[in-house]
Amino acid sequence: MSPPLLDFKRFRGCYRSTKARLRRGHPLVRQLFDIMHKHQISANDLAKKAGLGVRTIESWTLNRQPTVANLQAALNVLGYELYIKPRK
């Protein structure tokens, strides 16, 4: 019997370990990974669609900061945008 193509238990486990690494990361990066989890899209799939390297996205979990252009590209793929608003 062959293993399933997508093992959701394994996917959730990867998300939990990624989330643990992101605790000290930038809030925008944490939100991006929450959105990725919500849409069930992997870093590999997001990287391909956004025109980024998968290691670029994975490096954001290691406390490396994304460039604004890369973060915008990733968010655009997921149907979100990055914008500036005045503080209240």
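Where is Thr61 found? In this predicted model, Thr61 sits in the loop between α4 and α5. Buried or exposed, then, for Thr61? Its relative accessible area comes out at just 5%, and since the cut-off for buried is under 20%, Thr61 counts as buried. Its side chain also has a partner: it reaches the backbone oxygen of Glu58 at 2.6 Å.

On to helix α3, which spans residues 43-50. Its buried residues are Ala43, Leu46, Ala47 and Ala50. Looking down the axis of α3, these buried residues fall within an arc of 100°, so they line one face of the helix. The spacing fits a general rule: an α-helix has 3.6 residues a turn, so residues three or four places apart point the same way. Lys48 and Lys49, by contrast, are exposed on the other side of α3. Asn44 also belongs to helix α3, and with a relative accessible area of 36% it is partly exposed. The C-alpha atom of Asn44 is separated by 8.7 Å from that of Arg55, with the two residues 11 apart along the chain.

What lies over the buried residues of α3? The cover includes α2 (27-38), α4 (54-59) and α5 (68-77). As for what comes after the helix, α3 is followed by Gly51, and the phi of Gly51 is positive, near 75°.

Helix α5 has its own set of buried residues, with Leu71, Ala73, Ala74 and Leu75 in that state. Their cover includes α2 and α3. So α3 and α5 turn up in each other's cover, with α5 included over the buried residues of α3 and α3 included over those of α5. A glycine follows here as well: α5 is followed by Gly79, with a positive phi near 90°.

How do α3 and α5 meet? Their axes come within 9 Å and cross at roughly 105°. With 65 to 115 degrees counting as roughly perpendicular, the two helices are therefore roughly perpendicular to each other. On the α3 side the contact is made by Leu46, Lys49 and Ala50, and on the α5 side by Ala73, Ala74 and Val77. By residue class, the contact divides into five nonpolar, no polar and one charged. Several of these contact residues were met above: Leu46 and Ala50 are among the buried residues of α3, Ala73 and Ala74 are buried in α5, and Lys49 is exposed.

Terms used: Residues numbered from 1 in each chain as written. Predicted model: local features only at pLDDT ≥ 70, side-chain atom pairs only at ≥ 80, totals over all residues. Heavy atoms only, no water. Buried < 20%, exposed > 50% of the residue type's maximum accessible area, 1.4 Å probe, protein only. Helix = DSSP H or I, 4+ residues; strand = E, 2+ residues; numbered from the N terminus. Arc of directions from axis to C-beta. Contact = heavy atoms within 4.5 Å. Axes fitted to C-alpha atoms, helices over the stretch in contact; angles between N-to-C directions. Parallel < 35°, antiparallel > 145°, perpendicular 65-115°, else oblique. Nonpolar A, V, L, I, M, F, W, Y, C, P; charged D, E, K, R; others polar. Polar contact = N/O pair within 3.5 Å; in protein donor to acceptor, adjacent residues only side chain to side chain.
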